[in-house]
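Q: Please take a close look at one part of this structure and explain it to someone who is seeing it for the first time. Go step by step, and give the meaning of each term when it comes up.

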Amino acid sequence: MKKMIICNHKMYLTYDEARAFKERLDDIDKSNIDLIVCPSFTNLGLFNKYKLGSQDAFYEDKGAFTGEVSAYFLSLIGVKYSILGHFERRACDSNEIINKKVKSALRNSIIPILCIGESKMEKDLMKSSEVIKKQLKEGLKGVTLNKDDEIIIAYEPGWAIGNESSLTKDEILDALSYIRKILSSCNINNYKLIYGGSINKDNIGKILSDEIDGYLIGQASTNANQLEKIIKSVK
Ligand code: PGA
């Protein structure tokens, strides 16, 4: 199975910067990799040749929701994936809201990339397992996957985002094995399990494993040279 590399561009690139990045990306060998690009909303159109993801998606289809962009609207312009419950958005989105977003994504044939992970404070209080379990149980409450539905679960501890170094491979595998048990208890079987948090060209080699289906990459994915090196290591 091809490994996924999901590029979360956050709010790093302006339209012109994203266009320059895309020109470089076009020339990179991406064979044997499942590459998904999640640009800013303003830059989605630039990447329409790629598997396209949004960084969020609102749960109502249409209506008086100033500033929101729905999964329905995104599906109409070719978005196939949506990052939901990202750590940087959880300050505004409860598990209940994230659950609505997961359901509306699936309803609109968008594959949710459900992000879960504890904060630094929760880790220090030894609450990581409890938090992850709650995020999964509540985020996936009432979600039933049809035969063709898929979901991606991204383990991304808040304390590991935007740092110099990622978790060790053993730490990642321990967390993923715990997540698999919870998913099975939620009757979710058709999923991919990926890791994200401070991945870069220098540390990716240390966290490659058959048990990790892919990688969610933030800042390093906005630099085409660095992304090219990451892709080479992963494939
Ligand atoms: P980072 O972000 O790679 O810049 O740590 C990852 C993410 O938040 O998705």
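A: **The strands and what surrounds them**

A good place to begin is β3, where K51 is the bridge partner of I36. Strand β2 (residues 33-38) and strand β3 (residues 51-54) pair in the parallel sense over two bridges, where pairing requires that DSSP finds at least two bridges between two strands. The names follow DSSP runs numbered from the N terminus, with helices being H or I runs of at least four residues and strands being E runs of at least two. The model is a predicted one, in which local features need pLDDT of at least 70 and side-chain atom pairs count only at pLDDT 80 or more, while totals for chains, interfaces and linings use all residues. Residues are numbered from 1 along each chain as its sequence is written, and side-chain values use heavy atoms, with hydrogens and water left out.

Stepping back from this one pair, eight strands make a closed barrel in the order β1-β2-β3-β4-β5-β6-β7-β8, with parallel pairing. On average, neighbouring strands of this sheet are turned by 25° against each other, direction ignored; such angles run from 0 to 180 degrees between N-to-C directions, and the axes are lines fitted to C-alpha atoms, for helices over the stretch in contact. As a general matter, strands of a sheet pair through backbone hydrogen bonds, either parallel or antiparallel.

The part to look at closely is the stretch around β5 and β6. Strand β5 (111-116) is joined to β4 by four parallel bridges, and within β5 the bridge partner of Y81 is I111. On to β6, four bridges join it to β5, again running parallel, and here C115 has A154 as its bridge partner. A154 also has a partner in β7, namely I194, and five bridges join β6 to β7 in parallel.

How enclosed are these strands? Six of the six residues of β5 are buried, so β5 is largely enclosed by the rest of the structure; buried means under 20% relative accessible area, exposed over 50%, and partly exposed in between (1.4 Å probe, protein chains only). I111, I113 and C115 point one way from β5, whereas P112, L114 and I116 point the other way, and all are buried. Strand β6 is mostly covered as well, with five of its five residues buried: I151, I153 and Y155 point one way, I152 and A154 the other.

Helices contribute to these surroundings. Helix α3 (residues 95-107) lies across β4, β5 and β6 (151-155), and runs at about 160° to β5. Helix α6 (residues 169-185) packs on the sheet and touches β5, β6 and β7 (191-196), with its direction making about 150° with that of β7; contact here means heavy atoms within 4.5 Å. A further residue to follow is L136, which is placed in helix α5 (residues 128-139). L136 counts as buried because its relative accessibility is 0%. Leaving aside neighbours within four places in sequence, L136 is in contact with I116, I153, I179, I182 and L183. L136 and K51, the residue met at the start, are 85 residues apart in sequence and 25 Å apart in space, C-alpha to C-alpha.

Charged side chains add another kind of link. A salt bridge is a side-chain nitrogen of Lys or Arg within 4 Å of a carboxyl oxygen of Asp or Glu, and by this rule the count comes to 16 salt bridges. One of them joins K10 to E88, with the closest N and O atoms 2.8 Å apart. That pair links distant parts of the chain, since K10 sits in the loop between β1 (3-8) and α1 (15-26) and E88 in the loop between β4 and α3, 78 residues apart. K10 counts as buried at 16% relative accessibility, whereas E88 is partly exposed, with a relative accessible area of 46%.

D26 takes part in two salt bridges: with K22 at 2.8 Å, N to O, and with K49, where the closest N and O atoms are 3.7 Å apart. D26 lies in helix α1 and K49 in the loop between β2 and β3, so the pair ties together parts that are 23 residues apart in sequence. K49 counts as exposed at 62% relative accessibility. Elsewhere, salt bridges that share partners join D56, R89, D93 and K101 into one network.
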